[in-house]
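Work through these short exercises with the structure in view. Try each task before reading its solution.

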Amino acid sequence: MVSRLFAQKYPLVLLCTLAALSWTWGPVTAGRSCSETRHVYAEKGYSTNTAPLTQISGEHLRLCPQDYTCCSSQMEETLAHQSETDFLSAIDDTSQFLHTTFTQRHRKFDEFFRELIDLSEKSMNQMFTKTYGRLFTQNANVFQELFVELRRYYSGGSVSLTEVLSEFWSRLVERVFSLVNPQYQFSDEYLECVNKHAEQLQPFGDLPRKLGLQVSRAFIAARALVQGLATGRDIVNKAAKLSAGAGCVRALMRQWYCPLCRGMPSLRPCHALCLNVMKGCLANTADLDTEWNNFIDALYQVSEKLEGPFNMELAADSISVKVSEAIMHMQENSIATSTKVFQGCGSPRLAPGRSRRSPKESGGNRRPFRTFSPEEKPTTATGTNLDRLVSELKERLRPMRGFWVSLPHTICNDKNVAADVTNEDRCWNGQTRGMYLPDVTGDGLMSQINNPEVEVDMARPDVRTRQLIMELRVATNRLKHAQAGQDTDFMDSEVEEGSGSGGGGERYSDDWPGYRPYSPPYSKPPLNPQTPIKPPRVRDRTGSKWNRSKGQSISAVSRPAFFSLAVLFCLSVMVTVAPFWR
């Protein structure tokens, strides 16, 4: 009654009030200028020929609310494509840190490890040339071949480090044995015999085992780390290059460009709205989280191994030192070694014009080798070392955990993408300016069943994501085995070689440089002419020497058979004598 009397008495005041309120409530009537919308649209590089000058009815809109609008049908379609482009660009920008880190760390570690191998070979050449002179240069091919194979292994070749080192020591013992016995002439067959008896005599002492352990686990870890960094780079590239489905594009358009069509270009989507849209669009990508975290953890742990017990710098530096010590050990024990070899292989022929003399007389003068002092620790051309590289890598790996599952939050925390979480009532809620009421959904594909913004087909998991998960699992498995000094490419042989010696965990304990309870690979019976000789060593690398045999030993097979026969025999005896027990 009061309002009716007020309207009759003050009609002009009422009309002015209604006009002011309509202007304050926003673009709900036709005729409001679209100049801001046209300006923003033109800044994105689009023609304003189809852009209305003032708001028009929104009945033609398919994605935005059908209120009065500043967007034509063509503009809405164009902005929908733009929203997809903006989304993919946001993914690419956010993941750039990962891509840059993996790419740069891979390059730095790869260059560093390759240079360490080069420095190790250069150091050996210089030291041996200075000590042995012409004797070394005449036999340099043995050492050159060792580093050729080490490089081939590190570069990803199908090479067994165990066989590479075994072949190196086999060739070296033949050369050194000939040099410490220059008064004799040895045939190839005799040197084969020398090589087989060397397994019992161990002329180089325990140095081949120590060097093998040190070099193997350092090279395995170094190769696994570099391959892991390359895998990380490739997975980031694949995961970041995703495509937005139709439901995702509709949701992106509604949150980012529908405010522009309503004539409010500066209005940002509510933070919760943005999270629901991103979680729906990135539902499959979030499922990478578990395997991704396992992969990052494995990279971190391998890098720590390289910093400690699997130190590649120490391993590369020790090659020349331990080989030198091994040669000296054989020289110092040349009389005893040669005497036992002569007993087992027979007396060799004297070389023409040479008289029989003690092997010790040919030892010559030796100058001791030295290792690098901490101040002389080798560095790469850039002046870095392994400790620094590992420290930098670990700092960059830490923030990578949980990257994919937190990606919606990372994107929506950008003030240019969504409103601040504290600005809950002055943001775009999908329909107008106001608070966004729906709850934020969980992470991952299966949590999107109640997503109010994006319709996700949970019955069809993304094949590409499943493939990335499998790649992460394979890479993580390789890294975890590398932490134990095991190469997954040669696991069968390593299991066979490690059987009876305490298992893989004990073989590669963290003590440095690998002193542990050790079961010698060779028994040491008294050497005599009747000692059985193994078949000749195959020199051709294309033959069976370089391809592992997976066969079982005769004794291992015969034991179960013998036991079965014994049981059968006992049963037959019991059946025969049973009547006499009654």
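Three exercises follow, from the whole protein down to one residue.

This is a predicted model, where local features need pLDDT of at least 70, side-chain atom pairs count only at pLDDT 80 or more, and totals for chains, interfaces and linings use all residues. Residues are numbered from 1 along each chain as its sequence is written, and side-chain values use heavy atoms, without hydrogens or water.

**Exercise 1. Describe the protein as a whole.**

Step 1: count the elements. There are 22 helices and two strands (DSSP runs numbered from the N terminus: H or I of at least four residues for helices, E of at least two for strands).

Step 2: check burial. Of the 582 residues, 46% are buried (under 20% relative accessible area, 1.4 Å probe, protein chains only).

**Exercise 2. Work out how helix α6 packs against helix α7.**

Step 1: find the geometry. The axes of α6 (residues 140-154) and α7 (residues 161-180) come within 10 Å and cross at roughly 180 degrees. Axes are lines fitted to C-alpha atoms over the stretch in contact, with angles from 0 to 180 degrees between N-to-C directions.

Step 2: name the arrangement. The crossing angle makes α6 roughly antiparallel to α7 (over 145 degrees).

Step 3: list the partners. F143, L146 and Y153 are among the α6 residues that meet α7 residues including L161, F168 and R175. Contact means heavy atoms within 4.5 Å.

**Exercise 3. Locate Q202 and describe its phi.**

Step 1: place the residue. Q202 sits in the loop between α8 (188-201) and α9 (207-240).

Step 2: read the angle. Phi of Q202 is near 50 degrees, a positive value in a residue other than glycine.

How values were computed: Parallel < 35°, antiparallel > 145°, perpendicular 65-115°, else oblique. Buried < 20%, exposed > 50% of the residue type's maximum accessible area, 1.4 Å probe, protein only.
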